[in-house]
Amino acid sequence: MTTLVTPAVPGPGGEQDERPAPSLPPGMLPGTIPPSPPPQAARAGWWRRNVVWLVLLPVAVVVAAGASSFRVWAFWWPTGLHHEVDRVTQGGVAHYAGEYYDLGLSLPERANTDVLREVDMTVTNVEQVATLPAPQFGDPVEVPDGSVAYQVQLQLAAEPQTDLSGCQIVLVADDGTRYGEDTSDLLLGSVYRCLPPDAEDSLSVQPSWDVTSYVLVDADATITQVWLAFGGPEYVRTDLPPR
């Protein structure tokens with residue numbers, strides 16, 4: 001038989017509980033109920049913490065887009081032909097005017113200056129030819145299969161000592177395709193496309209002169225325009241009569 005024994009509970013004179021009495025805040029008397037701790041302030045949400053940056057974000061996006069657009073303009077605009085400065089029909093005089101930065105390669109006194117280049121162009125004739133004349137140097141060039149050759153005759157006028165390096169004589173088809181944007185006449189071996197064959201450098205000598213250039217185009221192309229340019233972005237345009 002098992003007997004259950006209940007542990008004795010110390011009475012008033014018995015053994016005292018050795019656990020320390022709970023401490024009171026300074027200034028509190030025994031038996032006083034301490035006040036409840038103040039409630040902690042609620043933590044601000046993510047939106048409130050970042051409200052300033054959220055307001056500034058659209059401004060930052062606009063500024064970044066503007067800077068990116070400027071970089072695109074700075075690299076894209078000076079190159080390519082996309083600024084028509086004059087337009088005439090065949091027989092009319094198209095006036096080209098465009099600035100360029102001169103390095104002084106031809107005239108040292110122009111080194112590191114911005115120069116306004118002005119050239120008048122008159123398209124006197126554009127016709128398809130079966131063969132190409134002998135070039136100044138190198139072997140004769142045959143018209144490749146699938147292409148045809150056009151002879152372009154121009155009358156150009158400019159102040160003597162006008163630098164014509166980088167000249168482009170471009171034929172444009174009715175679908176917008178451009179032919180002949182090379183800065184030299186590779187078919188005739190001429191380095192200066194807008195100067196006579198005997199030109200010694202890129203500077204004009206006479207007030208006006210005639211130029212003949214050749215351009216290869218696709219056999220099924222219909223040529224409707226002649227452009228004169230110097231690398232871009234400016235160019236002048238002559239519209240050819242229907243053929």
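Let's begin with a pair of charged residues: E181 and R178 meet through their side chains in a salt bridge, with 2.8 Å from N to O. Keep in mind as you look around that this is a predicted model. Both partners are partly exposed, E181 at 31% relative accessibility and R178 at 32%. Side chains of opposite charge can pair when their charged atoms come close.

How many salt bridges does the structure hold? There are four. One of them joins R87 to D239, where the closest N and O atoms are 3.0 Å apart. This pair ties together distant parts of the chain, since R87 sits in strand 1 (residues 83-89) and D239 in strand 9 (residues 234-239), 152 residues apart. D239 also forms a salt bridge with R237, and here the closest N and O atoms are 2.7 Å apart. If you follow these contacts on screen, you will find E84, R87, R237 and D239 linked in a network of salt bridges.

Are the members of this network buried or exposed? R237 and D239 are both buried, whereas R87 is partly exposed, with a relative accessible area of 46%. D239 has a relative accessible area of 17%, and because the cut-off for buried is under 20%, D239 counts as buried.

Now turn to R193, in the loop between strand 6 (178-179) and strand 7 (208-218). With a relative accessible area of 5%, R193 is buried. What does its side chain touch? The side chain of R193 makes a polar contact of 3.0 Å with the side chain of S213, and it also reaches the backbone oxygen of Y214 at 3.4 Å. Elsewhere along the chain, L164 is 29 residues away from R193, yet their C-alpha atoms are separated by 8.4 Å.

Next, have a look at the surface. D174, D175, D218 and D220 form a negative patch there. One of these residues, D175, is found in the loop between strand 5 (168-173) and strand 6, and D175 counts as exposed at 59% relative accessibility. A patch of another kind, a nonpolar one, is made by Y101, L103 and L105, which together have about 390 Å² of accessible area. Within that patch, L103 lies in the loop between strand 2 (93-102) and strand 3 (113-129), and at 54% relative accessibility L103 counts as exposed.

The loop that holds L103 is also the place of N112, between strand 2 and strand 3. This brings us to the backbone. Most residues other than glycine have a negative phi, and most peptide bonds are trans. N112 is not a glycine, but its phi is positive, at about 60 degrees. N112 is exposed, with 53% relative accessibility. Q161 is another non-glycine residue with a positive phi, of about 75 degrees. You will find Q161 in the loop between strand 4 (147-157) and strand 5, where Q161 is partly exposed at 37% relative accessibility.

Where is there a cis peptide bond to look at? The bond from G232 to P233 is cis, with omega near 5 degrees. P233 belongs to the loop between strand 8 (223-229) and strand 9. Strand 9 also carries D239, so the path leads us back to the salt-bridge network of E84, R87, R237 and D239.

Terms used
Residues are numbered from 1 along each chain as its sequence is written. This is a predicted model: local features need pLDDT of at least 70, side-chain atom pairs count only at pLDDT 80 or more; totals for chains, interfaces and linings use all residues. Side-chain values use heavy atoms; hydrogens and water are left out. Helices (H or I, at least four residues) and strands (E, at least two) are DSSP runs, numbered from the N terminus. Buried means under 20% relative accessible area, exposed over 50%, partly exposed in between (1.4 Å probe, protein chains only). A polar contact is a pair of N or O atoms within 3.5 Å; within protein, one must be able to donate a hydrogen and the other to accept it, and residues adjacent in sequence count only if both atoms are side-chain atoms. Patches are made of residues with over 30% relative accessible area and no salt bridge: like charges are joined within 9 Å, nonpolar side chains (Val, Leu, Ile, Met, Phe, Trp, Tyr) within 5 Å. Accessible areas come from the Shrake-Rupley method with a 1.4 Å probe; for residues, only the protein chains shown count as cover. Lys and Arg count as positive and Asp and Glu as negative; His and the chain ends are not counted. The place of a charge is taken as NZ of Lys, CZ of Arg, CG of Asp or CD of Glu.
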